[in-house]
Each structure stands twice: as structure tokens, then as C-alpha cells.
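Subject: Handing over the structure

Hello,

I am passing this structure on to you, and I hope you enjoy looking through it. Please open it first, and then read on.

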Amino acid sequence: MKNVLMIGATGMLGGLIVRLLHDDVRVYAIGRNPDRFLRLRSQAGPDLERYLTFMALDYTDLPRLGRWIGHVQLMDGPLDLVVAWIHGPAEPVLDVVGQEVEAYRQSPWDLCHVQGISASLQPPLTLSRWAFCRYYAVTLGYVQEPGQAARWLNHVEIVQGVYGALASRTDQVLGILHPFEGRPGG
């Protein structure tokens with residue numbers, strides 16, 4: 001059974017948790033909203049909820065984040081996959097994640113970094129300091145349908161796109177990124 005850590009799990013990626021549980025994985029979810037987690041746990045159902053562990057945690061609390069990731073791996077074995085939906089500067093959070101995963105794992109592991117449209121305006125992250133990490137990014141754009149106003153991707157589109165990126169282990173762009181000014185509210 002694979003061990004998967006999801007950071008930012010109680011928001012748009014909540015549906016991905018249920019989908020991954022059906023793929024016979026153990027999911028460790030970090031989020032700030034315990035009430036949303038309870039809804040996700042009920043969606044998973046009694047057969048799968050035993051493979052789901054939640055920690056109410058703000059991922060910007062880096063020392064606590066590192067301790068929890070280390071504890072999970074000490075108890076249940078190394079993480080195979082990290083899915084991280086991080087608002088704002090991602091590098092400090094991903095540094096802690098990478099250090100903790102590689103402290104317990106000496107073989108390839110995957111990091112799927114989900115990021116918003118503004119990340120397309122920044123230089124790409126350089127995460128080569130980890131010996132075993134396979135990094136790929138999913139950048140969330142917007143949808144522009146003919147004759148309609150631009151809209152953000154919905155939760156179903158995001159979950160399907162991120163799940164596809166996990167299967168292919170490649171960078172993905174969901175929706176469109178340009179023109180940046182054409183985004184909803186832009």
C-alpha cells in the first residue's frame with residue numbers, strides 16, 4: 001500500500017482524497033479546516049476511512065509540519081507521493097517536505113506541486129537538491145468558452161487534472177494561462 005501525503009487537502013483537492021483511497025493507498029491529509037475533513041471522511045465511507053489520517057495544521061508552521069511528516073513515516077513507513085497545494089511562497093514548505101521524506105526514504109518518490117495561475121509568471125522552482133524526488137507541477141488556469149465570461153476551473157476539473165498528472169508523472173497545465181489579464185477578475 002502506498003503512503004500519500006496531501007497538503008492543502010480540505011479545499012479543492014478534497015475529491016482527490018476519495019479517489020486515491022479507491023486506488024488502495026493510505027492518505028495523510030493536512031488542512032486547516034477540521035469540519036471539511038469530517039465531510040471528506042464521510043464521503044470515503046466506513047470501508048476506506050481507516051486509511052485516512054487528518055492533521056489540522058497550517059503548513060506555514062514549518063517546525064510542526066516537519067515533525068508531523070517525520071512522525072507519520074516513523075509510524076507507517078516512508079511516503080511514496082506528496083501532493084502539495086500551496087498558496088504563496090512554496091519553496092520553504094517544499095524544502096521541509098523534501099528534507100523529511102528523504103530522511104526516511106532512499107529511493108524515488110513523487111512530489112506533485114499544485115499551483116495557481118500566478119506561478120506561471122514566476123521562474124520555475126529548482127528542487128534538484130533532493131536525490132530521489134521526481135517533481136512535477138500542475139498549474140491551474142482558467143476556462144474561456146466561446147461567448148461566455150472566463151471562469152476558474154471547478155473542483156471536478158481540478159481533481160481530474162491532478163489525478164491525470166499523478167498517472168503520467170508530468171507537468172500539466174489545466175485550462176489556459178494566457179492572456180493573464182483574461183482570467184476571471186483580471
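Below is what was found in it, starting with the sheet and ending with a few backbone details.

Please keep in mind that this is a predicted model.

**The sheet**

A good place to begin is the open sheet of seven strands, whose order is β3-β2-β1-β4-β5-β6-β9, with parallel pairing. The edges are taken by β3 (52-56) and β9; each has a single partner strand, so one side of each is left without a neighbour in the sheet. On average, neighbouring strands here are turned by 15 degrees against each other, direction ignored.

**Strand β6 and its partners**

If you step to β6, residues 133-140, you will find a strand that is mostly covered, with six of its eight residues buried. Its pairing with β5 (residues 109-115) is parallel and runs over seven bridges. Within that pairing, Leu111 has Tyr135 of β6 as its bridge partner, and Val114 stands opposite Val138.

Strand β9 (residues 172-174) also runs parallel to β6, and three bridges join the two. Val138 turns up again here, as its bridge partner in β9 is Gln172. So you can use Val138 as a landmark: it faces Val114, and it is also bridged to Gln172.

Helix α5 is worth finding at this point. It lies across β4 (81-85), β5, β6 and β9, and it runs at about 170 degrees to β9.

**Helix α3**

Does the length of α3 agree with what its residue count leads us to expect, or disagree? At 1.5 Å a residue, the 15 residues of this helix (62-76) should span 21 Å, and the end C-alpha atoms are 21 Å apart, which agrees.

The buried residues of α3 are Leu65, Gly66, Trp68, Ile69, Gly70, Val72 and Gln73. They pack against β1 (2-7), β2, β3 and α4 (91-104). Just after the helix comes Gly77, which takes a positive phi of about 100 degrees.

**Asn3 and Tyr28**

Two buried polar residues are a nice way to see how these parts meet. Asn3 is in strand β1. With a relative accessibility of 4%, below the 20% cut-off, Asn3 counts as buried. Leaving aside neighbours within four places in sequence, Asn3 is in contact with Arg26, Tyr28, Asp76, Gly77, Pro78, Leu79, Asp80 and Leu81. The side chains of Asn3 and Arg26 are joined by a polar contact of 3.5 Å.

Tyr28 sits in strand β2 and is buried too, with a relative accessible area of 2%. Which side chains make polar contacts with Tyr28? One is Arg26, at 3.5 Å, and another is Asp76, at 2.6 Å. Not counting residues up to four places away in sequence, Tyr28 touches Asn3, Val4, Leu5, Met6, Thr53, Trp68, Val72, Asp76 and Leu79. Trp68 and Val72 are among the buried residues of α3 listed above. Ile69, another of those buried residues, is 41 residues from Tyr28 in sequence and 9.1 Å from it in space, C-alpha to C-alpha.

**Backbone details**

Finally, a few places where the backbone deserves a look:

- Asp24 has a phi near 65 degrees, a positive value in a residue other than glycine. Asp24 is found in the loop between α1 (14-21) and β2 (25-31), and at 49% relative accessibility it counts as partly exposed.
- Arg169 is not a glycine either, yet it has a positive phi of about 55 degrees. Arg169 lies in the loop between α5 (155-168) and β9; its relative accessibility is 42%, so it counts as partly exposed.
- The peptide bond from His178 to Pro179 is cis, with omega near 5 degrees. You will find Pro179 in the segment after β9.

If you would like a route through the model, try Val138 in β6 with its partner Val114, then Tyr28 and its polar contact with Asp76, and then the cis peptide bond from His178 to Pro179.

Best wishes

Conventions
Residues are numbered from 1 along each chain as its sequence is written. This is a predicted model: local features need pLDDT of at least 70, side-chain atom pairs count only at pLDDT 80 or more; totals for chains, interfaces and linings use all residues. Side-chain values use heavy atoms; hydrogens and water are left out. Buried means under 20% relative accessible area, exposed over 50%, partly exposed in between (1.4 Å probe, protein chains only). Helices (H or I, at least four residues) and strands (E, at least two) are DSSP runs, numbered from the N terminus. Two strands pair if DSSP finds at least two bridges between them. Axes are lines fitted to C-alpha atoms, for helices over the stretch in contact, and angles run from 0 to 180 degrees between N-to-C directions. Contact means heavy atoms within 4.5 Å. The expected span of a helix is 1.5 Å times one less than its number of residues. A polar contact is a pair of N or O atoms within 3.5 Å; within protein, one must be able to donate a hydrogen and the other to accept it, and residues adjacent in sequence count only if both atoms are side-chain atoms.
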